[in-house]
Amino acid sequence: MSAVPRSEKPVGRFRRMLDRLSSSQEDLESEELREDTETAGCIRIGDCQDRQIVTVTGTLRTVTLRPRAGVPALEAELFDGSAALDVVWLGRRSIVGIEPGRKLIASGRISMSRGRRVLFNPKYELRPLGRE
């Protein structure tokens with residue numbers, strides 16, 4: 001027997017393949033998004049605190065037009081595999097390229113609204129379509 005406990009042994013190629021085959025599609029996509037967050041050098045949404053200035057990345061799940069205080073507001077849900085974040089552009093009815101399924105990097109100050117993380121009028125960068 002080896003001195004290294006089984007849980008600390010490196011996982012082999014066969015074991016990784018079995019894990020991928022037995023995982024749901026949502027689990028696989030979440031894992032891929034978490035890896036993409038690390039690669040891009042961004043903060044995981046699940047680790048973001050209220051009033052913190054952050055740079056996050058993920059995939060837009062939904063995009064809706066929802067007025068706030070009588071002002072048009074384009075609202076999107078950004079998901080990075082760890083948690084979701086609402087991204088809101090005040091005074092905008094639409095933005096070219098902001099659509100469900102699109103990946104982007106967003107920077108700004110996190111705020112909490114009704115228990116959810118929100119990023120208002122962020123600086124953003126659309127990720128190339130070829131990388132998806």
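Reader: Helices (H or I, at least four residues) and strands (E, at least two) are DSSP runs, numbered from the N terminus. In which strand does aspartate 86 lie?
Author: This is a predicted model, in which local features need pLDDT of at least 70, side-chain atom pairs count only at pLDDT 80 or more, and totals for chains, interfaces and linings use all residues. Residues are numbered from 1 along each chain as its sequence is written, and side-chain values use heavy atoms, leaving out hydrogens and water. The strand that holds aspartate 86 is S3.

Reader: What pattern does the chain follow along the sequence?
Author: The secondary structure consists of 2 helices and 6 strands. Reading along the sequence gives the order α-α-β-β-β-β-β-β.

Reader: Over which residues is the pLDDT below 50?
Author: The average pLDDT (the predictor's confidence in each residue, from 0 to 100) of the chain is 85, and 82% of the residues score at least 70. One stretch, with 2 contacts in the model beyond near neighbours in sequence (heavy atoms within 4.5 Å), has a pLDDT below 50. That stretch is residues 4-9.

Reader: Does aspartate 86 count as buried or exposed?
Author: Buried means under 20% relative accessible area, exposed over 50%, and partly exposed in between (1.4 Å probe, protein chains only). The relative accessibility of aspartate 86 is 10%, so this residue counts as buried.

Reader: Which residue, 33 places from aspartate 86 along the chain, has its C-alpha atom 6.2 Å from that of aspartate 86?
Author: Leaving aside neighbours within four places in sequence, aspartate 86 is in contact with Glu75, Ala76 and Glu77, and also with Arg116, Arg117, Val118 and Leu119. The residue whose C-alpha atom is separated by 6.2 Å from that of aspartate 86 is leucine 119.

Reader: How many residues apart in sequence are the parts that arginine 116 and glutamate 77 tie together?
Author: Arginine 116 and glutamate 77 form a salt bridge (a side-chain nitrogen of Lys or Arg within 4 Å of a carboxyl oxygen of Asp or Glu), with the closest N and O atoms 3.1 Å apart. Because arginine 116 lies in strand S5 and glutamate 77 in strand S2 (residues 73-79), the parts tied together are separated in sequence by 39 residues.

Reader: Which residues are joined into one network by salt bridges that share partners?
Author: Aspartate 86 and arginine 116 meet through their side chains in a salt bridge of 2.9 Å, N to O. Since aspartate 86 is in strand S3 (residues 84-90) and arginine 116 in strand S5, this pair ties together parts 30 residues apart in sequence. Shared partners extend the salt bridges into one network of Arg61, Glu77, Asp86 and Arg116.

Reader: Which of these counts as buried, arginine 116 or glutamate 77?
Author: Arginine 116 has a relative accessible area of 34%, so it is partly exposed. At 15% relative accessibility, the residue that counts as buried is glutamate 77.

Reader: What is the relative accessibility of arginine 127, which counts as buried?
Author: Among the 7 salt bridges of the structure, one is formed by aspartate 36 and arginine 127, whose closest N and O atoms are 3.3 Å apart. This pair links distant parts of the chain, 91 residues apart: aspartate 36 is in helix H2 and arginine 127 in the segment after S6. Aspartate 36 counts as buried because its relative accessibility is 14%. For arginine 127, also buried, the value is 5%.

Reader: Which residues make the nonpolar surface patch of about 210 Å²?
Author: Patches are made of residues with over 30% relative accessible area and no salt bridge, joining like charges within 9 Å and nonpolar side chains (Val, Leu, Ile, Met, Phe, Trp, Tyr) within 5 Å. Phenylalanine 120, in strand S5 (residues 116-120), is partly exposed because its relative accessible area is 32%. The patch of about 210 Å² is made by Val71, Leu90 and Phe120.

Reader: What is the phi of arginine 51?
Author: Most residues other than glycine have a negative phi. Arginine 51 lies in the loop between helix H2 (25-40) and strand S1 (53-65), and is exposed because its relative accessible area is 51%. Although not a glycine, arginine 51 has a positive phi of about 70°.

Reader: What is the phi of asparagine 121?
Author: Asparagine 121 is in the loop between S5 and strand S6 (123-126). Its relative accessible area is 44%, so asparagine 121 is partly exposed. Asparagine 121 is not a glycine, yet its phi is positive, at about 40°.

Methods: Accessible areas come from the Shrake-Rupley method with a 1.4 Å probe; for residues, only the protein chains shown count as cover.
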